[in-house]
Amino acid sequence: MKRCMSCKSSDVREVREAAEVRVPSSPEPFVVRVTGVSAIKCGACGESVLNGADLGRAELLAGAEAMARGLRDGSTFKFIRKALGMRASELGTLLDVSPETISRWENGHRAAERSVWNTLADLVADKLNGTNTTLTRLTVPKARIPKQAIRLSLSVAGAK
C-alpha cells in the first residue's frame with residue numbers, strides 16, 4: 001500500500017501493533033489482546049490497516065487461548081473453525097461427522113465431545129506451528145498392512 005486508503009496521504013509505514021480479538025463465547029465474548037501484529041499506518045491521519053495473515057494468526061492464538069481456558073461452546077467452536085479456514089463440510093469430513101452435526105455443535109443444540117475439542121486444539125496448534133501432523137493423521141487412507149514386517153529402532157534418551 002503506497003497511499004492511505006482514508007486520506008490518500010503517501011506518509012505510510014509498516015509498524016507492529018496490538019490487535020484486540022473477540023472470541024464469541026457465552027455468556028460474553030472472550031477478549032484477547034495480541035501484540036506484534038504487522039500493520040500499515042498513516043502518519044497523516046493515524047489510520048492503520050492490519051496485515052491479513054497476521055490477523056489470521058492472532059485469531060488462531062485467541063482461539064487456542066479460549067480452548068486452554070475451557071471455553072467450549074458453539075460460538076467458540078464456529079470461531080475456531082473459521083480461524084482455521086475450514087468449511088463445516090471439510091471439518092465434518094475430518095471428524096467423520098456430518099455437516100449437520102457441525103451445525104448442531106456451533107448453534108448450541110448439542111455439545112461437542114471432549115475428543116472433538118482436543119482434535120480442534122491440535123489442528124490449531126499445527127497451523128500455528130506450520131505443521132500438518134493432525135491433518136495427515138485424520139486423512140490417512142484405509143489401513144494397509146504391509147506384506148513384510150516393518151523395522152523400527154528404539155533409542156533410549158540418555159542411554160550409553
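This is a short presentation on the strands, helices and core of one protein chain.

Good morning. The structure under discussion is a predicted model. I shall begin with the sheet, move to the helix that packs on it, and then turn to the core and some individual residues.

The sheet is open and has three strands in the order E1-E2-E3, with antiparallel pairing. Its edge strands are E1 and E3, the latter covering residues 48-50, and each of these pairs on one side only. From one strand to the next, the twist averages 40°.

Let us take the two pairings in turn. E1 and E2 run antiparallel and are joined by eleven bridges. Within this pairing, Glu 20 has Arg 33 of E2 as its bridge partner. The two strands form a hairpin, with six residues between them. E2 and E3 also run antiparallel, and three bridges join them. Here Ala 39 is partnered by Leu 50 in E3.

Helix H1 packs on this sheet and touches E1, E2 and E3. The direction of H1 makes about 170° with that of E2.

How far apart are the end C-alpha atoms of H1, and does the span agree with what its 17 residues should give at 1.5 Å a residue, or disagree? H1 runs from residue 52 to residue 68, and its 17 residues should span 24 Å; the end C-alpha atoms are 24 Å apart, so the two values agree.

Both ends of H1 deserve a remark. At its start, the backbone nitrogen of Ala 53 has a side-chain oxygen of Asn 51 within 2.8 Å. Just after the helix, Gly 70 adopts a positive phi of about 85°.

Which residues of H1 are buried? They are Ala 58, Leu 60, Ala 62, Gly 63, Ala 66 and Met 67. The buried residues of H1 pack against two strands, E1 (12-23) and E2 (30-42), and against two helices, H2 (74-83) and H5 (114-129).

That brings us to H5. This helix has 16 residues and reaches 22 Å from its first C-alpha to its last, close to the 22 Å expected at 1.5 Å a residue. Its buried residues are Val 116, Trp 117, Thr 119, Leu 120, Leu 123, Val 124, Asp 126 and Leu 128. Those buried residues pack against H1, H2, H3, H4 and H6. Just after H5, Gly 130 takes a positive phi of about 70°.

One buried residue of H5 merits a closer look. Thr 119 is found in this helix, and because its relative accessibility is 18%, under the 20% cut-off, it counts as buried. Leaving aside residues up to four places away in sequence, Thr 119 touches Leu 95, Thr 134 and Leu 138.

I turn now to the core. In soluble globular proteins, nonpolar side chains tend to be buried together. In this model, the largest nonpolar core has 30 residues, of which Phe 77, Ile 80, Leu 84, Leu 91 and Leu 120 touch the most other members. The elements giving two or more residues to this core are E1, E2, H1, H2, H3 (88-95), H4 (99-106) and H5. Which element gives the most to this core? H5 does, with six residues.

Leu 84 illustrates the contacts made by one of these core members. Not counting residues up to four places away in sequence, Leu 84 touches Leu 60, Leu 120, Leu 123, Val 124 and Lys 127. Of these, Leu 60 is one of the buried residues of H1, while Leu 120, Leu 123 and Val 124 are among the buried residues of H5.

Finally, two residues outside the helices and strands. Cys 45 lies in the loop between E2 and E3. Is Cys 45 buried or partly exposed? Its relative accessibility is 40%, so it counts as partly exposed. With residues up to four places away in sequence left out, Cys 45 touches Cys 4, Ser 6 and Cys 7. Its C-alpha atom is separated by 30 Å from that of Pro 29, 16 residues apart along the chain.

Pro 146 lies in the segment after helix H6, which covers residues 133-138. With a relative accessible area of 43%, Pro 146 is partly exposed. The C-alpha atoms of Pro 146 and Arg 3 are separated by 60 Å, and these residues are 143 residues apart along the chain.

Thank you for your attention.

Technical notes:
Residues are numbered from 1 along each chain as its sequence is written. This is a predicted model: local features need pLDDT of at least 70, side-chain atom pairs count only at pLDDT 80 or more; totals for chains, interfaces and linings use all residues. Side-chain values use heavy atoms; hydrogens and water are left out. Helices (H or I, at least four residues) and strands (E, at least two) are DSSP runs, numbered from the N terminus. The expected span of a helix is 1.5 Å times one less than its number of residues. Buried means under 20% relative accessible area, exposed over 50%, partly exposed in between (1.4 Å probe, protein chains only). Contact means heavy atoms within 4.5 Å. A polar contact is a pair of N or O atoms within 3.5 Å; within protein, one must be able to donate a hydrogen and the other to accept it, and residues adjacent in sequence count only if both atoms are side-chain atoms. Two strands pair if DSSP finds at least two bridges between them. Axes are lines fitted to C-alpha atoms, for helices over the stretch in contact, and angles run from 0 to 180 degrees between N-to-C directions. A nonpolar core is a set of buried Ala, Val, Leu, Ile, Met, Phe, Trp, Tyr and Cys residues joined through side-chain atoms within 4.5 Å.
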